[in-house]
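Welcome! Please take a moment to look over the sequence and the 3D view, and then we can walk through them together.

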Amino acid sequence: MTKFKIDLFSDTNTNPSLEMRRAMCEAEVGNEVAGEDPTVNKLLEIVCELLGKEAAVFLPSGTMCNGIAYRVLCQRPGDLIILDETAHPLIKCSGLISGLAQAQPCCIAGRRGIFTAKQIESIISAPQGFNTARPRVVSIEQTTNFGGGAIWPLKTIEEVCNLAHQYNVYTHMDGAHLLNAVVETGISAADYSQPFDSVWIDFSKSLGAPIGAVLAGSQSFIEEAWYYKFQQGGGLHQAGILAAGCLYGLQHHYQRLPEMHAYAKQLAKLLSEVPFIKIDLDEVETNIIIFEIKHPQFSANHFEQALREKGIRVLALDHIRIRIMIHLDISLSDIHEVFSAICEISETQLKIKAVND
Ligand SMILES: *Cc1c(COP(=O)(O)O)cnc(C)c1O
C-alpha cells in the first residue's frame, strides 16, 4: 500500500484484507441518512451493546465524532473544553475546537495524556460570572495517542467524571484506541464508557477498516448529533459498504489486539538494548511506543530519516521523541527487521562518534 516496507507511522496505515473487502463487497445496503441501511443499523446495534449506550450514529471519521460531540455538548460560543495538552483534537485536527465547535480548549498538563480530578478542580469549580467562559466538557482520550498509548485507570476516570458531573459539566471519551485498553485490562468497553455522556470508537485504527467510526450516547444526544452530522457533510448514503468493513474488523481483528500489544512490548524490550535509545518499558502498555533519542549529534529527525532510507517509517514527534505504532499488518519478523535496522544505524552512529571523539 505504501512505498515503505514496514510502516510504523500510524495504525491507520493498514491494507484492508481481501476477506474484509469481500465482506464490504457483499454488504446489504440502503440509504443511511434515512436510517434505512441494514448493515449500518446492525453495526450501530452492536456498538450500543458494546459501549452500553442508548443510541449511536455512524460517521466517516473519529475527527468528526469529536467535532460533532463537542458541538452538541457546548452551547454558547466560547464554552470551555477541558482536555490534556497532548489531546488529538487539539493538535491534529485543524483547530477543530475553536473552528468547528466554537469552543475554547482549556489545556491540562497531564502525565502521558492522563490528568487527575485534582488538576481540574479549580477550573471546574471556579465562580461563574457574566464575563467568564463556562467549563462545559471534560474530554479524555482512552488510550492516549500522543501520551504513548497510556491507559486511563478506571478510578481516575470515575474521579474526573464525578467531579465534572457534580458541576454539571459533560464528559466525553475519545475512544480511538478504547478497545486496546479493553483487551489489555479486561475492563469492558461498557464499564469504561459508563461515566461518559458521549463516547466513540474508531474502526480505521487498530481494527483495520478503511473508514468508519461510531459515536454513542443518550437518545437525545444522538438526535442532536444528527443535526451536525448533516451540517458537517457526514450524512451518508449506501454506507453499509463501509459499515461491513467495520463489522468485519470487530469480528475478526478485535481478538488480534493482544498480539499487537505483545509485539509492541517485544520491540520496546529490544529497543532498550540500543545505546542511544531511552525507553521506559513500563510505559509501553498497548500498541503505541514513544521513546527518546539520546545522542549529542543524532536527533529524532535524523533517526526517522535513517530508518526511512531502510524502508521503515516511524514518526519523529520532535527532535528528541519517536513514536511507533504497531498494527495488524506488522508481523514478528517485521519487529526483528526493525530492530536489526536500528542496530545498524546505532553501529554507524557509534563509528561516527568515535571518529569525532
Ligand atoms: C486517530 C485519532 C483521532 C482521529 O480519528 P480519525 O478517524 O483519523 O479522524 C482522534 N483521536 C485520537 C486519540 C486518535 O488517535
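Is K265 buried, partly exposed or exposed? With a relative accessibility of 32%, K265 counts as partly exposed. Keep in mind as you read on that this is a predicted model.

**Salt bridges**

K265 has a charged partner: its side chain forms a salt bridge with that of E184, at 2.6 Å from N to O. This pair ties together distant parts of the chain, since K265 belongs to helix α12 (residues 257-271) and E184 to helix α8 (residues 178-185), 81 residues apart. E184 is partly exposed as well, at 32% relative accessibility.

Altogether you can find 14 salt bridges in the structure. One of them joins the side chains of R313 and D7, at 2.9 Å from N to O. Here too distant parts of the chain are linked: R313 sits in strand β11 (residues 312-313) and D7 in strand β1 (residues 6-7), with their positions 306 residues apart in the numbering. Why does R313 count as buried? Its relative accessible area is 18%, and the cut-off for buried is under 20%. D7 is buried too, with a relative accessible area of 5%.

Another salt bridge brings R256 and E259 together. R256 is partly exposed at 25% relative accessible area, and E259 is partly exposed at 31%. There is also a network: R111, R112, E283 and E285 are joined by salt bridges that share partners.

Here are three of these pairs side by side:

| Salt bridge | Closest N to O distance |
|---|---|
| R313 and D7 | 2.9 Å |
| K265 and E184 | 2.6 Å |
| R256 and E259 | 3.5 Å |

**The nonpolar cores**

Let us turn to the nonpolar side chains. The largest nonpolar core has 93 residues, and those with the most contacts inside it are L43, V138, F203, I277, F291, F303 and I326. Helix α12 gives the most to this core, with eight residues. You have already met this helix, as K265 lies in α12.

What does F291 touch, leaving aside its neighbours within four places in sequence? Its contacts are L271, I277, K278, I279, F303, I320, R321, I322 and I324. A second core, separate from the largest one, has 28 residues, among them A55, C65, L73 and I222.

**A serine in a loop**

S299 lies in the loop between β10 (288-293) and α13 (300-308). S299 is nevertheless buried, with a relative accessible area of 17%. Apart from its neighbours within four places in sequence, S299 is in contact with I293 and H319.

**Around the ligand**

Finally, have a look at the ligand. Which residues come nearest to it? Of the 14 residues around the ligand, they are G62, T63, D174, D202 and K205.

Several side chains offer polar atoms to the ligand. D174 has a polar side-chain atom 2.6 Å from a ligand nitrogen. In the side chain of D202, an N or O atom is 2.7 Å from an oxygen of the ligand. The side chain of N145 likewise has an N or O atom 2.9 Å from a ligand oxygen. On its own the ligand would expose 380 Å², and the protein buries 89% of that area.

Terms used. Residues are numbered from 1 along each chain as its sequence is written. This is a predicted model: local features need pLDDT of at least 70, side-chain atom pairs count only at pLDDT 80 or more; totals for chains, interfaces and linings use all residues. Side-chain values use heavy atoms; hydrogens and water are left out. A salt bridge is a side-chain nitrogen of Lys or Arg within 4 Å of a carboxyl oxygen of Asp or Glu. Helices (H or I, at least four residues) and strands (E, at least two) are DSSP runs, numbered from the N terminus. Buried means under 20% relative accessible area, exposed over 50%, partly exposed in between (1.4 Å probe, protein chains only). Contact means heavy atoms within 4.5 Å. A nonpolar core is a set of buried Ala, Val, Leu, Ile, Met, Phe, Trp, Tyr and Cys residues joined through side-chain atoms within 4.5 Å. A residue is near a molecule or strand if one of its heavy atoms lies within 4 Å of it. A polar contact is a pair of N or O atoms within 3.5 Å; within protein, one must be able to donate a hydrogen and the other to accept it, and residues adjacent in sequence count only if both atoms are side-chain atoms. Accessible areas come from the Shrake-Rupley method with a 1.4 Å probe; for residues, only the protein chains shown count as cover.
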